[in-house]
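Here are a few exercises to work through with the model open beside you. Try each task before you read its solution.

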Amino acid sequence: MAPEHSPPPRYYLENYQRLIGWVAERYGDLLKPAEKAYACTFSQLPENAQALLVRMITRKGAVFRTAKLHYAEIGDAEQALAKLPDAWVEHDPQLSLDALFKLLTKAELANWLGAFTGTKAQKLCELQAQHPCALPLSQWQQEFGAVPISDRLLAITIMDISDTYQWLFFGNRHQSLAEFVLSDLGIMRYETVAFSENCRSFDSREALECYQTLAALAEGFEQGVSASELLAGLKQLVRPKALHLARRYDRLAYKCAYKLEQQGLWEAALEGYRLTQLPMARTRTIRVLEKQGQQARAYELWQSAHAAPLDEAERQQLQRMQPRLARALGKAPMAKAKPNWPTQTLILPPREMRVELLVAEAMSNNNQQALWSENWLWTSLFGLVMWPALYAPVPGAFFHPFQSAPKDINLPRFYERRQALFDACLDDLARPDICALLTRRLQEKQGIASHFVHWPRFDEACLAQALKAIGPHILRKVFERMLFDLPANRAGFPDLIVYQHAGFSLLEVKGPGDSLQENQKRWLHFFNGLGVDASVVQVQWASNE
């Protein structure tokens, strides 16, 4: 989408001022004295000093070369720097060799170290062991006997405070001030939701600090910190009561436990699985007990889980595990459920095209049209029908204007908290004017950021065709199943929908060597249980001979 207009020269400052004011107003009771003082001091700075600080805050890293701080809308950067509080700026900060290499160009490094072949990264690797300590730039120049560079280095010391303001505003670490810009330019649009001033991402300082700790531990996992060390860090935290924090805690504990299981550290893995309440942790625990040779304990846990499975995926996994466990203990295995979907083989000449599109092309003719719909069609229909419930001002669901979905979208009780609203949307499917109603909604909401609606492919013609062919009864059943376990059931739909004069059918496409995933099996079983023709197409490539 093309930008609607160009932003004013200091758009980023206006956005940051808005963010700071929003947090100060809504989270004042959570801010520490130094954080409150930051907002007050910032507001009293000259505008060019504010602008320069925000420019540095939004750039990558916290160390800057003064020669690179040139912005036409700010003017004299040195003058603006002089207005910043001394406590916010560190001159000639200490740098690791890695940080030094990031700040200097290859040509500058060659002046210091002599000309070298290869990349900066290769040269850094060569020198790192000899220079393990961080030093100020002035000492690095002495260390290498180098000619001083023409500008100075400085570091911003309030990045942690600024980050805290952004985390409180967005409630996460993946959104940033860029959201303001994308919205101002018309590139991203968000639904307008009425929320009160007491709707907040964190309700206590402890919750914020727990989030920060979990974020740091998760970053450590991605950077290769040992799973044992991370689990030790998790054990020092009390499992959060807030659902969104508890889910973060559980996911990280599961990742660490699974990593330990892969490493063959069975007891440590079991300890990690005990920390998490994710349904999948029970089946992994059973598997680890099997690997340890503790089949009797594994079967005992299996019986407990099978009596009360936590979701559909766990129920299916438990059914698959039972025959193996039963054989190990000399028990009778349960009868294995037979697939209730037909399978056909389709031989096609290989071409440079996705196999789903090849099958759609082969299946389309004068009597039917095959469309690669996979998940996007069903989730788009769900998102459009359920729009009033998804964007209802439920307490705690929305707390800033850049949300594409409610905060609790993947948490337990999401449906329960809105059941009456969702049921009303489901009842709308039986309205005689449902096509007109949804067409108007599509026109009104077109392009608004949505967790479900895939706007690039979902248009009025697509909507009308789907409503006519699928019908309200089937759509209601599909949406009810999605709502039962939304994070799991929004995926796994068959690849193709085939529109025919009398209705529709569904095809799951598998190329050579591919096999069905568990969520795909569940949807095939569900659709066939509704009387919908849902089958599997196994593609084989035709021989060139």
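## Exercise 1: a salt bridge within a helix

At 32% relative accessibility, Glu 480 counts as partly exposed. This is a predicted model, so keep that in mind as you go.

**Task.** Find which residue forms a salt bridge with Glu 480, and state where the two lie.

**Solution.** Start with the charges: side chains of opposite charge can pair when their charged atoms come close. For Glu 480 the partner is Arg 476, with the closest N and O atoms 3.1 Å apart. Next, place the pair: both residues belong to helix α24 (residues 472-484), where they are four residues apart, about one turn of the helix. Finally, check the exposure of the partner: Arg 476 has a relative accessible area of 27%, which makes this residue partly exposed.

## Exercise 2: a salt bridge between separate parts

**Task.** Glu 73 forms a salt bridge with Arg 55. Work out which parts of the chain this pair ties together, and whether Glu 73 is buried or exposed.

**Solution.** The closest N and O atoms of the pair are 3.0 Å apart. Glu 73 sits in the loop between β1 (63-65) and α4 (77-82), while Arg 55 is in helix α3 (residues 47-57), so the bridge links parts that are 18 residues apart in sequence. As for exposure, buried means under 20% relative accessible area. Glu 73 has 18%, and therefore counts as buried.

## Exercise 3: two helices that cross

**Task.** Describe how helix α9 (residues 159-170) and helix α11 (residues 205-222) are arranged, and name the residues in contact.

**Solution.** Two packed helices are described by the angle between their axes and the distance between the axes. Here the axes come within 12 Å and cross at roughly 105 degrees. Angles of 65 to 115 degrees count as roughly perpendicular, so α9 and α11 are roughly perpendicular to each other. On the α9 side, Thr 164, Trp 167 and Leu 168 make the contact; α11 brings Arg 205, Leu 208, Tyr 211 and Gln 212. Sorted by type, the contact residues are four nonpolar, two polar and one charged.

## Exercise 4: the neighbours of a strand

**Task.** Identify the strands that pair with β8 (residues 496-500), and say how they run.

**Solution.** Take β7 (residues 368-372): five bridges join this strand to β8, and the two run antiparallel. Within that pairing, Trp 372 stands opposite Leu 496. Then turn to β9 (residues 503-510), which pairs with β8 over five bridges, also in the antiparallel sense. There, Tyr 499 has Phe 504 as its bridge partner. β8 and β9 form a hairpin, with two residues between them. To finish, look at burial: four of the five residues of β8 are buried.

Methods:
Residues are numbered from 1 along each chain as its sequence is written. This is a predicted model: local features need pLDDT of at least 70, side-chain atom pairs count only at pLDDT 80 or more; totals for chains, interfaces and linings use all residues. Side-chain values use heavy atoms; hydrogens and water are left out. Buried means under 20% relative accessible area, exposed over 50%, partly exposed in between (1.4 Å probe, protein chains only). Two strands pair if DSSP finds at least two bridges between them. Axes are lines fitted to C-alpha atoms, for helices over the stretch in contact, and angles run from 0 to 180 degrees between N-to-C directions. Angles under 35 degrees count as roughly parallel, over 145 as roughly antiparallel, 65 to 115 as roughly perpendicular and the rest as oblique. Contact means heavy atoms within 4.5 Å. Ala, Val, Leu, Ile, Met, Phe, Trp, Tyr, Cys and Pro count as nonpolar, Asp, Glu, Lys and Arg as charged, and the others, Gly among them, as polar. A salt bridge is a side-chain nitrogen of Lys or Arg within 4 Å of a carboxyl oxygen of Asp or Glu.
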